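Me: Could you take a close look at one part of this model for me, namely the place where the two chains meet? I would like a connected account rather than a list.

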Amino acid sequence: MGKHKTFCGSGDHAISRRGFLGTAAALGTAAFADMTQLNLLSNPALAGELKKQQKRVILLWLAGGASQVETWDPKPGAATGGPFRAIQTAMPGVHISELMPRMADRMKHTLVIRSLNTKNADHGGASKLMMRGRRDEANVKFPDLGAVVAREMGRADSKVPDYVTFYTQTEGRGMAPGDAGFLGSRYAPMELTTNNMPENIRKVDGISELDHQQRADLRDLLSKQFAQGRTSPTLGSQNEAYQRVRGLMSSEALFDITKESDKVRDMYGRGQFGEQTLIARRLIEAGVPFVRVARAWWDSHGQNFETHQEMVPELDQVMAALIDDLKDRGLLEHTLIITLAEFGRTPSINPSLGRDHFASAWSCSLTGTGVKPGVYGKSDATGNKVAEGEVDAAKLFATIYSALGINPHKNYYLGARPIPLVEPGTEPITEVLA
Amino acid sequence: MANPDKLKLVKDLSHKAIAFSIARVPNSNRVYFGCSDFKVYEADVSASKFEPKDLYAHGSYVTGVALAGKALISGGYDGKLTWYDTDSKKVIRSEEAHSKWIRGVFASRDGKIVASIADDMVCRLWDAESGKPLRELRGHAEKTPHGFGSMLYAAAFSADGKYLATADKVAKIKVWEVATGKSVAEMEAPIMYTWDPVQRLHSIGGIRSLAFTPDGKTLAVGGTGKIGNIDHLEAKARIELFDWAAQKRLVEYTSDKYQGIVNHLEYAPDGSWLLGAGGANEGFFIFIDAAGKKTLRGEKVGMHVHDVASSENAETVIAAGHNKLAIYEMKG
Amino acid sequence: MRSRRLALLALFVAACVARADLLPADRPIHEVIDHYVDAKLAKVKTTSAPQVDDVTLIRRLMLDLVGRIPTPAETRSFVESTDPQKREKLVDRLMASPGFVRHQANQFEAMLAGPNSRGGGGGLRDYLARAVGESRPWDQVFRELLLPDEDDPKTKGSSDFLRSRVSDIDRVTIDVSVVFFGVNVSCAQCHDHPLVNDWKQDHFYGMKSFFARTFDNGGFLAEREYGLVRFKPTKGPERQAKMMFLTGMAVSAPGVKEPTKDEEKKEREKFEQFKKDKKAPPPPSFSARAKLVEVALQSKESEYFSRSIANRLWHRFIGYGLVMPLDQMHTENPPSHPELLSWLARDVHSNKYDLRRTIRGIVLSKTYSRSSKWTAETVPGPGTFAVGRLKPLTPMQMAASLKIATTDPQAFETGKPEELEKRIEGLESSARGFASSFAQPTDDFQIGVNEALLFSNSDKLAREFLADGNEKLIGRVNGISDPPKAIDLIVRSVLCRPATADEQRVLTEYVTRRTDRLADAYRQVIWALISGSEFRFNH
C-alpha cells in the first residue's frame, strides 16, 4: 500500500522509543511516514485500489438555503414560479430551472428529491438537523454526516484526514461547523476557513524529522500520564488531535490546486466554489472519505431572483464539472455528490422580491453511487406543500447511508446505550436505491 | 403645477400579480401594465371599479411596457418584444429580441424609437412603427468584475430623443448618441453595487433607474446605498446626479428615512424636482430639489413601487408595484 | 393566555425554593456551598475526591482569579508558608491585584460576547475593567450596558454592547435574555411542552418590544418615542406584541398608537440634527429599555437576574453550572442543587449584587478545591461536584501562561511586588496577539487538529516561546550544565511543580541522547510540556 519508508531504523532509536513508552498503552501511530515521498495520486496501484474500495462523499452545502424553485423544482406559470423558466433535461419528463443548463444535460446521473418536509426553518436548528439527520437530545450529541462517513469509511492508519470541510464565508459558519458529536474529536473535521491550505501543515526549518516525531512522542507520553484518573471530553480531544498531526502533514500536496492543469481548473471555474470543489475531488481521490464544500450564502430574503441568477449558474458549472471529472477518472460510481442545505425558500414572493425560509416542501439532490437517477417525490402546483413521497431528515439520511452501503439501522454505542445511525423506525426510500 | 407638498393618495387598487411596468395613455386615466403573471393588462384607473383586462401574455415576467404612438411594446423575461396595436387591439408582432431576460422597454418621447435592454448586456433600438431593428448598443460588460453574469437594468431617453442612457448591475453608466449608436459618455456610481467577499460571497444592487433633466444636461441615477447584510435591501435609497457631458458627478443623495432601491426616476416637467420611487419591504416616493440636496417630500407608499406613469403635467402619478397600483395627485 | 403566564411564574417561583427552607443568610458562603454539596453527595451515596495539594491549589486559584499560572517563586512562597490562613490571604491578595481586574474583565467580556462572537474592540473591555476595578454592583453594570450614557466618562465603552448588535434587534433580544437572565428565548425547538412553546413566541416578541425602538443614529445609540412589534404567531393572524418581561409581566407603555406624520417628521428631524452635530440624542420621555431595566430588577422579577449571575459565577469557577446549559434556566431544567442556587441568588440580591463576595465564597469552599483525579471505576457525574473539573484555559490564560512559562524564572524574582505586577502586565499585553490563535472554550469544547498543527508547525509560536533571548527560560537553561537541574527548572517553570522521579528519568534521557544539539533538546522538552495536557488545563 504505497511506499512508506520508516524514518529511522536505528537500534538506538528503537531503544529510546521503548524507553519513552514504558508501560504506557500503545499510541496507535503508524510507522513514521516519510513526508516528502507520499503522493497517493501518482501511485496507480493505490488509485486502482481505491476504485474497488469504499465510497466517498462530496457534500455541496448550499448554506443559507438555496431556492428549490430556482434550481431543482421549477414552477413555471404558477404565481409562485418566479421569472425563470423550466428546461427539459436529458431525463425524459424531468425539467429543472433554466439557470442550470449543464446539469440538465447530465440529469441521467442525478436523483432529485422534491418532497423534503423537515419542519425547521431557522438557520441554527435547521443546519444542525440537516447535517445530522436528527435533532440533538439534551444529553446526546449526534455525529453529523461527515463524522459518520469518516467513521465508516475512514481507515485507522490513514494518512489523509477523514473529514474535511471548507467554509470560507463568515455568514452562518458558526451554525453548521462540522461536528463529530459523541464519536469524539477523532472524527472531527479538518476545518478550512481562512484559505484552502490547512495552516501550519508544513514542518518548520530548525528541527529534524526525527526530533519532530520524538518530541511528539514525549508529549504524548507525559500527557497520558496526566490523563490517568482524569475524565474530560476536551482532554481526550486534545490528545487525539496531536495523534493525527503527522498524517495530516503528509497530505499537504492534496490541497495544492496548482497541481491541476489549467484545463481542469477552467472547467470548475476559478472562483472559490469551483476551486474548493476541485480540491475536494483531489481529496476524495486520495482516499478522504468525506469532504464538505460550503457555498454560502443563499439566504435571499430580498432580491431572490437577482441572487439566484448570479449564484445558480455557478453551482451548475461546478457540479457539472465535478460529475464530468469524476466520471473521467472512473470515480463517479464510487462517489456520492450531495447538494443540500438547511432548508429551501418560500414559494411566495415577498415585496423585496425575496423568498424567505421554507422547510415544508423543498429539494435536494444525490448523484453517483447507490442511487437511481430521476425524481422522487412531488410538491404541489404552487410548491407550498408536499404532494407525494414526503421525506424528512431522518429518511433522507437513511437513504444516503444505504446508498453508501452503510446499514442505517446499525448501532453505535454511547456507553451501554445503543444508538442507531438514524432515528428509530426510519426506512430509506427503497425505490431510489440502485 | 405639480407640487409635491400637495401630494395625496387618491386610491390604491389591489391586484393579484406584481406589476413591474406601467404606461399611461396620454390625456386619459387608462394604463397598460405588465405583470408577474406574464400578462399585459389594460385598465382605467379612474373607473369606480378596477377591472383590468388582460390583453395577451409573454412567456414570463413582463418587465417593460412602452407606448409609442398607437403601439404598445412590451418585453419580458422570455426575451421577446411584443407589439400590440391599441387601435385594432391585436398583437401585431413578436420579436425574439434578446437572448436573455429583458429588463425594460422605453420609448422616445416622439414615439419613433423603442429601446430594449436585457441581461445579454445589449441595448437594442427599434423603429417603433415597423419593428425594424435599428441599432445595437454594446459596451456593458457581460460579467461583473467578480466573474458572475451581469444585468442591464436601466435606460432612459433624453427629452429630445437625441441621447439614451443605460446602466447596469455594476453601476456603470453609458450615454449613447441615438442617431449613430456611438457611446459618448461613461460614468459610474460604484456605491450602488455591493459585492460582499467576506460574509456572503455574492452581490446586490445595481443602478435601477435613470432620468435626464428636461434640458438634457443632467442625468439622475437611482439605486441603493452600500449594503452590509446583502440578504436584504437594507440600505437607504440613493440617487446621484451627473453632468453627463463632463462625465462628472455633481451630487450624491441618500434618503435619511426610506430604505430600499430606487426603481424609477422622473423629473418635474419644469425640472424643479426629481421623483424617486421604489422600495424594499415597503414602498416610497422621494421628491428632491433640482440641486439634489434637499428632500422636498417623502412619502411611504403602500407597496414596493416598480414603475410610475405620470400625466404630462405630473399632477397625476400612477404607481405600479407589488400587488397594487396606487393613484396620487399633486394639484395646486 | 394571562392565566397561563401567571401559572408559569408561579411554577418558576416555586422552583426557587421558599426562603424559609434555606440556610440563614448570615452563614459564610463557602460553608453554605459545602453544606449543600456534601448533603447531596451523602444523599446519593457518593464519595468525593480529596482536596488538592498546595502546589495545585495556587495554580488553580491564580488561573481562576488573575488569569495566569504562578511563577516558580510564587509557588514556592505559598507552598512553604506555614500560615494557617494562607489560602484566605492568597485569595484576598489576588482579588485586590490589578491582575484580577484584567482577568475578570476578560471573562465578563467573553460572557457578554457569547459563543459566536469574533471579538470586539477594546472599548467594552476597558469599561468592564473599570467596573470590576471599582467593584461596581452587577445591577449597575446591567444598567450601564443597557442604558449607556455616551457623555459619561465613567461608562465609556459600555455602549459597545448594544451598538455592536443594534442593527439586528432579534440578536439584541436573544443576547440580553441569555446573558442577564439565563434564558434563550429563541431556542425552544427542543421543548415540546405546549406551555413553553406558546410562552416562547409571546415572550420573545414581548422582550423584543423593549428593544424595537432602539437604533443607530450616526454611530450613537438612539431610542424613539414610538415603535411597535408585530408578529405572526404559529396560530392565528398577525398581532401586536405587548412589552412583556420573561415572567409574563406585561408592561403598559405609551406610544401604543402609530405616530402622526407630523410627529414622525419632527422626531426624524430631531434625530437628524443630533446626527449632524455628532452627538448622542437624549433618551425619550418613555424609554422602553429603561423600563426593561426597571422591571428586571424589581422584586419578583429580579429572581431571573440574580439566579442567572449566581449560576454564571458558579460555572466560571467550578467549571460546571448549577443549571446546565447556562441559557436554559426554566422549570423544565431544574438546578442540580436547588437550595444552593436559591441561597446564592438571595445572597447576591441582598448584598446589592456585589459579585466579589460571591467569587470569594466560591473559591474558599472545599467544593472548589477538590482534586480532578478520580481513580475508582465509575466517575460521579459533573453535577455532583464530587470531582474537580478540568477547565481548558481561555485564550488569554493560555497566551499569558505561555509567556510566563517560557520566561527565565529569575526575571520574576526582583523582590518588589509592584515591579512584578508591572512586568506581568507587560507580558499579558504582549500576549494578546497570540491569544487570538486559540478558541474561547465552550461547554462541549473539542480541541481540533488546528491547535495541534499550530503547536507542531507554527514558526510564530516557535519564535514567541521557544527562541533564545533576553530573560528567556531557554537561555537560563542553556547555562545549566547539569541536565537534571535544568529539567527541574523547566518543569517548575512550565507545570508549576517539581518534576517527578519518572519525569526526571525520561526527560534527562531525552536530553542526554542529544548532546550534539543540547539547546534544541531543551527546547523540545519545553515544547512537549507546553503542548501537553497538563499545561492546557486548569486542573
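Reply: What follows describes the interface of chain B and chain A, and then turns to chain A itself.

The model is predicted, and the description is best read with that in mind. On the side of chain B, 34 residues are in contact with 32 residues of chain A, and the two chains bury about 2800 Å² between them, with 50% of that area on carbon and sulfur atoms. Polar contacts run across this interface as well, the count being 23 residue pairs between chain B and chain A, with both residues at pLDDT 80 or more. Two salt bridges are found across the interface; one of them joins E306(A) to R103(B), whose closest N and O atoms lie 2.8 Å apart. Looking at the side of chain B that touches chain A, one finds that its largest share, three residues, is supplied by strand β19 of chain B, which covers residues 202-205. Sorted by class, that side of chain B holds 16 nonpolar, 11 polar and seven charged residues.

As for the partner, chain A has 434 residues, of which 62% count as buried, and its secondary structure consists of 12 helices and 16 strands. When contacts within chain A are taken between residues at least 6 apart in sequence, 75% of them join residues at least 24 apart. The area that chain A exposes is about 15200 Å², and carbon and sulfur atoms supply 50% of it.

Note on methods
Residues are numbered from 1 along each chain as its sequence is written. Chains are lettered from A and ligands numbered from 1 in the order in which they are written. This is a predicted model: local features need pLDDT of at least 70, side-chain atom pairs count only at pLDDT 80 or more; totals for chains, interfaces and linings use all residues. Side-chain values use heavy atoms; hydrogens and water are left out. Contact means heavy atoms within 4.5 Å. Buried area is the accessible area (1.4 Å probe) that two parts lose on being put together, summed over both. A salt bridge is a side-chain nitrogen of Lys or Arg within 4 Å of a carboxyl oxygen of Asp or Glu. A polar contact is a pair of N or O atoms within 3.5 Å; within protein, one must be able to donate a hydrogen and the other to accept it, and residues adjacent in sequence count only if both atoms are side-chain atoms. Helices (H or I, at least four residues) and strands (E, at least two) are DSSP runs, numbered from the N terminus. Ala, Val, Leu, Ile, Met, Phe, Trp, Tyr, Cys and Pro count as nonpolar, Asp, Glu, Lys and Arg as charged, and the others, Gly among them, as polar. Buried means under 20% relative accessible area, exposed over 50%, partly exposed in between (1.4 Å probe, protein chains only). Accessible areas come from the Shrake-Rupley method with a 1.4 Å probe; for residues, only the protein chains shown count as cover.
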